[in-house]
Every structure is written in C-alpha cells, then in structure tokens.
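Subject: A structure for you to look at

Hello,

I am passing on the structure that I promised you, and below it you will find a careful account of what turned up in it. Please keep the structure open while you read, so that you can look up each residue in turn.

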Amino acid sequence: MTKYQAVGIGNAVVDVISQCDDQFLSTMGIEKGIMQLIEQERGELLYDGMQNRTQMSGGSVANTIAGLGALGLKTGFIGRVKDDTLGRFYADEMADVGTDFVNTPVAGGELPTSRSMIFVTPDGERSMNTYLGISTELGPEDVDDGVAGQAGLLFLEGYLFDKDKGKEAFLAAARACRAGGGRAGIALSDPFCVNRHRDDFRRLVTELDYVIGNEHEWQALYETEDLGAALEQAAADSGLIVCTRSGDDVVLVEGDETVTVPVDRVTPVDATGAGDQFAAGFLYGVATGQPLAVSGRMGCIAAAEVIGHYGARPEKDVKALFAAEGLI
C-alpha cells in the first residue's frame, strides 16, 4: 500500500470561474463574498449567465492537497465523482498535478459531478455558488482504510458535515489515520457551516491534532466577537490551532507556544483559493518538520501567490519562493 505524506478528504468539485461586476451579482441574486449551496436548476441558470468561463478541478481541501503535491509531497485525495465528462476531467486533472485520485469515478447514478460557479468581481472578491451533486453521497464506503491509515497527515473538509454520510466518511478516515500514527486535522471551511454544526465541531477540536480556520470561523465556533477569547478557548481545547485574518497577521498556537506571522498585504486579482493554499504551505512546513513560524510563513507565501492570478491552484513554483526567502 502506498504511503502518503498527505491525504485529503472532501468534496470533489469542478470550479467554473467567470469575471463579473457587482451589478451582475445583484441582478442574479448572488450574495457577495461567500459560498452558497444551490440546487441543480439554479446551477444551470448561473452557468448559462457566465462569460469567458475557466474550468479546473477544485474543492477546498482538494486544492490544498494539489498544492502539497505541487510542492513535491506524495499526496492522495478521497472524493466522489460520477463517470461523466466533468468527473473524468476531474480525476485526470488531479493526476496531472501529481495527486492520486484514489476513488474510481462512479458509473450510473442520477447525480452528476459537483460543480461550483465562482464569480470574481474587480476587487478580487469571489462569490461561490456550489451544486454538490454526487459529492453529497460521499460515505464511509468511499474511504480506503489503507489510504487514510498510511497518511502522515490527513486534512478534512468542514463542508462534509452538511451530510451525515460525509460526516461518517470523515470520522472513518480520521480514525484510520490516527490509528496508523498520522496526524488528522480539519479546515473549518465557512462560518455558516460552523454555525450549522457547532456542537460537532466543538467536539472535533478536542479530538483532532490540528484545526485551521479564519477569524470569522473561530468567532462563530465559540459564539463571540472577541477573537482573542475565541482563540484562547480553542488553544485550551486543541493541540494546534491556526487563525488566518484576511491580510492581517496569522496566529498559530500549539501548547504553550504562540506565534504571530506577519502578512505582506497585496491587492488580490482573485481571492479564490487563498485559504486553501495557505493551508498547503502551512501543512508542507508541518510535514517537513519546520518550526511553527516557518510553517506559517510558508502558508502566507503560498496564499500570496494564488491571489495574484485567477484560479485556486498555484501557477508559480512555490517551493522556489520558499527557497528565495531562505526557508528551505
């Protein structure tokens, strides 16, 4: 069985990206800057309204794992796609960026491969409208214990908690990873997701090895506007916590160690994937035994690279960017 340095489990979503202005968002009833789950009919309407579409394999944790693969780690991704045009495209493109898509596309079934329509406004903000399709059927039967159990790091997607089967798949993967001596962690994904599943997430923070979230997600988790109080509680509950703050310093806490990593502010071309690639850079540091401060800086460099162009995957050699700063 292949030994993976990092394995992700999450929604396998084809990202379809288009530029638009604020008036288009208003006309189409799209709430700016957040991810909304939509039904198939709404998805078809929005897709038809997109101009100059760019298509690529995506999904939050899949983007992170692809970033880790691009950095040279041996990576795998657990997800569910249909054996249709988009599903085959997804599996092939993950392989092309160096990540094993370990689940065979599903033949038959009524639900198509998942897709997310992402509208990017001139300020770089992205508004995501996601039809989950066959990803809603991801369950424990899709988790190969040999894959999760051989992972040095397992990264889990908070969005999976919107479906009971996804939650079961998530827990099965985490148990297999930790039983095999690996470290399992989660991305909180979205404050609305946290609000829907707060009790489950609060329990998970105490059981997993690391948790990554932004300031709004941590505030939602602990039901407070006081970020300092939220992080203090999180640090008491979990082994390693990471808080990103949209261009402000990143805060990392592990045991008695607290590290603040400065962020170089840049004007984003497209903020899609910023959190995903921060996680890739940070987890690369963790996987290679770097100190917290170095791992955090790696995350910031990877995030800055991805917001400098359209799309959620790196275009430059991020490892070379690490080397240019003397991090490796």
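Let me begin with the aromatic rings, where the count comes to nine aromatic pairs. One of the pairs is formed by Trp 218 and Tyr 222, and it is stacked, with 6.4 Å from centre to centre and 10° between the planes. Please bear in mind that this is a predicted model, and that the values in this message are computed from it. Both partners of the stacked pair can be placed with respect to the surface: Trp 218 has a relative accessible area of 0% and is therefore buried, and Tyr 222, with a relative accessible area of 10%, counts as buried because the limit is under 20%. Elsewhere in the chain, Phe 77, Tyr 90 and Phe 101 form one aromatic cluster.

Trp 218 also leads us to the nonpolar cores. The largest nonpolar core has 48 residues, and those that touch the most other members are Ile 9, Leu 156, Ile 186, Phe 201 and Trp 218. Helix 6, which covers residues 164–179, gives the most to this core, with six residues. A second, separate core has 44 residues, including Ala 6, Ala 62, Ala 91 and Ile 212. Which residues does Ile 186 contact, once its neighbours within four places in sequence are left aside? Among them are Phe 155, Leu 156, Phe 170, Phe 201, Leu 204 and Ile 212, and I suggest that you find them in the structure one after another.

Ile 186 can be set beside another isoleucine, Ile 34, since the two are 152 residues apart along the chain and their C-alpha atoms are separated by 19 Å. Ile 34 is found in the loop between helix 1 (22–28) and strand 3 (35–37). Is Ile 34 buried or exposed? Its relative accessibility is 17%, and because buried means under 20%, Ile 34 counts as buried. Apart from its neighbours within four places in sequence, Ile 34 is in contact with Arg 126, Ser 127, Met 128 and Phe 192.

The next topic is the empty space, and I will take the second largest pocket before the cavities. This pocket has a volume of about 200 Å³, and two elements, helix 2 (40–48) and strand 7 (114–120), give two or more residues to its lining. Helix 2 gives the most, with four residues, and by class the lining has six nonpolar, three polar and two charged residues. Among the lining residues are Val 16, Gln 40, Tyr 47, Pro 112, Arg 115 and Tyr 131.

Tyr 131 deserves a separate look. Its place is in strand 8, residues 126–131, and at 8% relative accessibility Tyr 131 counts as buried. Leaving aside its neighbours within four places in sequence, Tyr 131 is in contact with residues including Gln 40, Pro 112 and Arg 115. Tyr 131 and Pro 112 are 19 residues apart in sequence, and their C-alpha atoms are 9.5 Å apart in space.

There are two cavities of 30 Å³ or more in the structure. The largest cavity has a volume of about 50 Å³, and its lining has four nonpolar, four polar and two charged residues, among them Asn 11, Leu 132, Tyr 159 and Asp 162. The second largest cavity holds about 40 Å³ of space, and its lining divides into five nonpolar, two polar and no charged residues; Leu 71, Gln 277 and Pro 314 are among the residues that line it.

Finally, here are two points about the backbone. Asn 52, which lies in the loop between helix 2 and strand 4 (54–58), has a phi near 50°, a positive value in a residue other than glycine. Glu 223, in the loop between helix 9 (215–221) and helix 10 (227–237), has a positive phi of about 50° although it is not a glycine. Asn 52 is at 73% relative accessibility and counts as exposed, and Glu 223, with a relative accessible area of 58%, is exposed as well.

With best wishes

Key: Residues are numbered from 1 along each chain as its sequence is written. This is a predicted model: local features need pLDDT of at least 70, side-chain atom pairs count only at pLDDT 80 or more; totals for chains, interfaces and linings use all residues. Side-chain values use heavy atoms; hydrogens and water are left out. Buried means under 20% relative accessible area, exposed over 50%, partly exposed in between (1.4 Å probe, protein chains only). Contact means heavy atoms within 4.5 Å. On a 1 Å grid over the protein atoms alone, a cavity is a set of points where a 1.4 Å probe fits but cannot get out, and a pocket is an open set with protein on both sides within 12 Å along at least five of seven lines; lining residues have an atom within 4 Å of a point. Grid points are joined across faces, edges and corners, and a volume is the space filled by probe spheres set on the points. Ala, Val, Leu, Ile, Met, Phe, Trp, Tyr, Cys and Pro count as nonpolar, Asp, Glu, Lys and Arg as charged, and the others, Gly among them, as polar. A nonpolar core is a set of buried Ala, Val, Leu, Ile, Met, Phe, Trp, Tyr and Cys residues joined through side-chain atoms within 4.5 Å. Rings of Phe, Tyr and Trp (its six-membered ring) pair if their centres lie within 6.5 Å; planes under 30 degrees apart count as stacked, over 60 as edge-to-face and the rest as tilted.
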